[in-house]
Amino acid sequence: MKKGANNGFRDLRTQKPSEPPKITFPCDYPLKVVGDAAQDFAAIVCQILVKYDPEFDAGAMQIVDSRNGRFQSVRVSIRATGEQQLGALFEELKATGRVHMVV
């Protein structure tokens, strides 16, 4: 095969890394918060979420236990107003020491 021949493949070495998609605020923003399973885990997450979205509907929270019951995920949607709000929310969730991951 000749060098530089178009063989149907893209040369990824010359492409610029793609930028993450831009978010238009305000918007509904889905979150999954994962931590150690405990009876009060969802309540702690809810208390923090209400600080950043006063109209947060706790009734719409979905709580899912891991297969072995060691972890819990709390799935929610909040009204995001900006990157600063989301950054502060993520930091406060992690600062509890109970949250392992926010997706």
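Which residues does Leu93 touch, not counting residues up to four places away in sequence? In this predicted model, Leu93 touches Val33, Val45, Ile48, Val99 and Val102 when residues up to four places away are set aside. This report begins with the helix that holds Leu93 and then turns to the core, a second helix and the charged pairs.

**Helix H2 and its two sides**

Helix H2 runs over residues 83–95, and its 13 residues reach 18 Å from the first C-alpha to the last, which is close to the 18 Å expected at 1.5 Å a residue. Four residues of this helix, namely Gln85, Leu86, Leu89 and Leu93, are buried. Seen down the axis of H2, the buried residues fall within an arc of 95 degrees, so they line one face of the helix. On the other side of H2, Glu83, Gln84, Glu91 and Ala95 are exposed. The cover over the buried residues of H2 includes strand E1 (27–36), helix H1 (41–52), strand E3 (71–80) and strand E4 (99–102). After H2 comes Gly97, a residue whose phi is positive, near 75 degrees.

Gln85 deserves its own description. Gln85 lies in helix H2 and is buried, with a relative accessible area of 10%, because buried means under 20%. The side chain of Gln85 reaches the backbone oxygen of Tyr52 at 2.6 Å. If residues up to four places away in sequence are not counted, Gln85 touches Tyr52, Arg79 and Ala80.

**The largest nonpolar core**

The largest nonpolar core has 20 residues, and of these Leu49, Val76, Ile78 and Leu93 touch the most other members. At least two residues of this core are supplied by each of E1, H1, E3, H2 and E4. The largest share, 6 residues, comes from H1.

**Helix H1**

The 12 residues of H1 should span 16 Å at 1.5 Å a residue, and the end C-alpha atoms of this helix are 18 Å apart, which agrees. In H1 the buried residues are Phe41, Ala42, Val45, Cys46, Ile48 and Leu49. These buried residues of H1 pack against E1, strand E2 (62–65), E3, H2 and E4. Contact between the two helices can also be followed from the side of H2, where Leu93 touches Val45 and Ile48, among others.

**Charged pairs**

Side chains of opposite charge can pair when their charged atoms come close. How many salt bridges does the count come to? The count comes to 3 salt bridges, and the table lists them with the distance between the closest N and O atoms.

| Positive partner | Negative partner | N to O distance |
|---|---|---|
| Arg79 | Asp28 | 3.2 Å |
| Arg98 | Asp40 | 2.7 Å |
| Lys51 | Glu92 | 2.6 Å |

In the pair of Arg79 with Asp28, Arg79 lies in strand E3 and Asp28 in strand E1, so the salt bridge ties together parts that are 51 residues apart in sequence. Arg79 counts as partly exposed at 36% relative accessibility, whereas Asp28 counts as exposed at 55%, because the cut-off for exposed is over 50%. Arg79 is also one of the residues that Gln85 of H2 touches.

In the pair of Asp40 with Arg98, Asp40 lies in the loop between E1 and H1 and Arg98 in the loop between H2 and E4, so the pair ties together parts that are 58 residues apart in sequence. Asp40 is partly exposed, with a relative accessible area of 37%, and Arg98 is partly exposed as well, with a relative accessible area of 23%.

Where do the partners Lys51 and Glu92 lie? For this salt bridge, Lys51 lies in helix H1 and Glu92 in helix H2, so the pair ties together parts that are 41 residues apart in sequence. Lys51 is exposed, with a relative accessible area of 57%, while Glu92 is partly exposed, with a relative accessible area of 22%.

**A cis peptide bond before E1**

One last feature concerns the backbone. The peptide bond from Phe25 to Pro26 is cis, with omega near -10 degrees, and Pro26 is found in the segment before E1.

Note on methods
Residues numbered from 1 in each chain as written. Predicted model: local features only at pLDDT ≥ 70, side-chain atom pairs only at ≥ 80, totals over all residues. Heavy atoms only, no water. Expected span 1.5 Å × (residues − 1). Buried < 20%, exposed > 50% of the residue type's maximum accessible area, 1.4 Å probe, protein only. Arc of directions from axis to C-beta. Contact = heavy atoms within 4.5 Å. Core = buried A, V, L, I, M, F, W, Y, C linked by side-chain atoms within 4.5 Å. Salt bridge = Lys/Arg side-chain N within 4 Å of Asp/Glu carboxyl O. Polar contact = N/O pair within 3.5 Å; in protein donor to acceptor, adjacent residues only side chain to side chain.
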